[in-house]
There are 2 protein chains.
Amino acid sequence: MEPSEKEGLSRKDRERERHRLEILEAAERVFARDGYHGTTVESIAKEAEFAVGTIYNFFKSKDDLYASVIYRIGDEFMEEMERDVLTCKDPSEAIGAVFDLRVKLDARHGDFFRLFFEGGPKGSDEIHAKMRPFFEKYVEVLRGLVERGVREGVFNEIDPYFVAFMIHGVSNAMTLYWALRRPGASMAGLVERTKAGFLAHLRRT
Amino acid sequence: MEPSEKEGLSRKDRERERHRLEILEAAERVFARDGYHGTTVESIAKEAEFAVGTIYNFFKSKDDLYASVIYRIGDEFMEEMERDVLTCKDPSEAIGAVFDLRVKLDARHGDFFRLFFEGGPKGSDEIHAKMRPFFEKYVEVLRGLVERGVREGVFNEIDPYFVAFMIHGVSNAMTLYWALRRPGASMAGLVERTKAGFLAHLRRT
DNA sequence: GTGTATAATGAATGAACATTCATGGCGTGA
DNA sequence: TCACGCCATGAATGTTCATTCATTATACAC
C-alpha cells in the first residue's frame with residue numbers, strides 16, 4: 001500500500017508522528033512541573049501512557065528529549081514572531097504585538113514557557129545553554145524593531161539594545177503579575193495597560 | 001578556659017563558626033554554577049576544602065544546606081532593604097535605592113542572586129518554594145513604597161501592585177543586560193539610565 | 001492461518017549520588 | 001607524657017534513575 005496522503009505519509013508514519021508528539025507534549029508538562037533534573041524518564045512515560053522503552057524508541061536520551069522540547073517551542077516562537085510581529089508596519093504596533101505574543105505562548109505552554117523564557121544565562125548550566133540561541137535571536141529581533149522606530153522618528157533616541165531587554169523584563173513582570181495575582185478577569189486589560197505604559201516611554205512626544 | 005570574647009564565644013566556637021560560613025559560601029558558589037540538582041555534595045566539599053562527612057557535621061542534608069544558603073541571602077537582602085530603602089524619605093529616592101540595592105547584591109552574590117531572584121514560582125518545585133516568602137515580602141515592600149508615593153501625590157495613580165512587579169521586571173532586565181553585554185565600563189551609568197526612565201513614568205507631571 | 005516486520009514493553013544493569021559511621025589525628029589539660 | 005574529646009575523614013551502603021535489550025504484541029501481506 002502506497003502513501004496516498006497529501007503529506008506523503010502512510011497511516012503508519014502518521015501514527016508514529018502522533019506518538020512522537022504525544023511524548024513531546026507529555027515531556028513538556030512534566031519538565032515544566034518538576035524541572036530538568038527533577039523529572040525522571042519514568043514519570044514522562046507514565047504521563048504519556050507509554051513504557052519507558054518506548055520513549056527511547058523515539059529519543060536517544062533524556063537530554064535529547066529535553067532539547068527537542070526546547071527546539072519545538074523555540075521554533076514555534078520564532079515562527080509566530082515572524083507572522084505576528086515582523087509583519088507590523090508600525091513599530092509601536094509591533095512592540096504591542098510582542099506583548100500579545102508573549103501572553104499567547106504563555107497560555108499555550110504554561111510554566112514551561114516561563115521557564116524557557118526567563119532565560120538568560122543562569123549559571124553555566126548546559127541545560128539552559130540550549131535556550132540561549134533562541135533568546136539571542138529574540139533579543140536581536142526586538143533590537144531591530146526599536147532601531148527601526150528610532151530611524152523612522154517615531155521613538156525617542158535610546159539604545160535599542162537596552163530597550164530590547166526592557167521589553168523582555170516588562171513582559172516577564174507582566175506574566176508574573178498575572179500568574180501570582182490572576183484576577184481571573186482580564187488578561188486583556190493587563191496587556192493593554194502594560195503596552196500603554198511602555199510605549200508612552202518610548203514614543204517621541 | 002572561659003569564653004572571654006565580647007561575643008561570648010570561645011576560640012573553638014569562633015573557628016567552628018568560620019568553618020560553617022566557609023561551607024555556606026562554597027555551597028553558594030557551586031549551587032550558582034550547577035543548579036540544585038546539578039551539584040553534588042562532594043563538589044561542595046571539594047570547593048570548601050573539607051571532606052564530605054564534615055559537611056554533614058554542619059548541615060543535616062543537602063537540602064538543609066541549600067535552604068541555609070537561601071535564608072542567609074534572603075535575610076541579608078531584607079536587612080539591606082530596611083537600611084537602604086525604607087529609610088528614604090522621598091518615595092522616588094526609595095525606588096532608586098531599590099535598583100542600587102539590586103546591583104549591589106548582584107555583585108556580591110553573582111549568579112546565585114539572579115537565580116534566587118528571578119524567583120516567582122517556576123513550576124511547583126519545592127526548591128523554589130523556599131524563596132517564595134522572601135519574594136513576597138519584597139513585593140510587599142515595593143507595593144507599600146508606591147502606595148505611599150501615590151498617597152503623597154508624587155506618583156501618578158497606578159495600581160501599586162502592578163508597579164511593584166514592574167520594578168522587579170525592570171531591575172531583572174537591567175542586570176541581565178549588564179551580564180550579557182557588560183560594557184566593562186559603567187554599571188553606574190546603566191543604573192542611572194534605568195532609574196531615570198522608570199521614574200519618568202511614575203512621577204506625576 | 002502463517003510468516004514477517006515494526007513497535008511496545010518493563011525487568012535487568014550499572015552508574016551516580018546522598019548519607020552514614022568506624023577510624024584517625026590533633027589540641028588541650030593534667 | 002598520657003588520656004580525653006572533638007572534629008575531620010572518606011570508604012562503604014543503599015537508593016534512585018538513565019539506559020538497554022530480550023521478549024511480546026500488533027498489523028499487515030499472502
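**Close-up views of chain A and DNA strand D**

**View 1. The elements of chain A, read from the N terminus, run α-α-α-α-α-α-α-α-α.** This is a predicted model, and chain A has nine helices with zero strands. The C-alpha trace of chain A spans about 65 × 40 × 40 Å along its principal axes. As you look into the fold, keep in mind that 35% of the 205 residues of chain A count as buried. Among contacts in chain A between residues at least 6 apart in sequence, those joining residues at least 24 apart make up 58%.

**View 2. Two stretches of chain A have pLDDT under 50: residues 1-6 and residues 120-124.** For residues 1-6, the model has three contacts beyond four places in sequence. For residues 120-124, it has 18 such contacts. As a backdrop for this view, the average pLDDT of chain A is 88, and 90% of its residues score at least 70.

**View 3. Here we turn to the 20 residues around DNA strand D.** Which residues come nearest to the strand? From chain A they are Thr40(A), Gly53(A) and Ser61(A), and from chain B they are Ala51(B) and Gly53(B). Chain A gives two or more residues to this surface from each of α2 (41-48), α3 (52-58) and α4 (62-85), while in chain B α1 (11-34) and α3 (52-58) do so.

**View 4. The surface near DNA strand D, by contributor and by class.** Which element gives the most to this surface? That is α3(B), with four residues. Sorted by class, the surface near DNA strand D has seven nonpolar, seven polar and six charged residues.

How values were computed:
Residues are numbered from 1 along each chain as its sequence is written. Chains are lettered from A and ligands numbered from 1 in the order in which they are written. This is a predicted model: local features need pLDDT of at least 70, side-chain atom pairs count only at pLDDT 80 or more; totals for chains, interfaces and linings use all residues. pLDDT is the predictor's confidence in each residue, from 0 to 100. Two residues are in contact if their C-beta atoms, placed from the backbone, lie within 7 Å. A residue is near a molecule or strand if its C-beta atom, placed from the backbone, lies within 6 Å of it. Ala, Val, Leu, Ile, Met, Phe, Trp, Tyr, Cys and Pro count as nonpolar, Asp, Glu, Lys and Arg as charged, and the others, Gly among them, as polar. A residue is buried if 20 or more other C-beta atoms lie within 10 Å of its own, exposed if 12 or fewer, and partly exposed in between; C-beta atoms are placed from the backbone.
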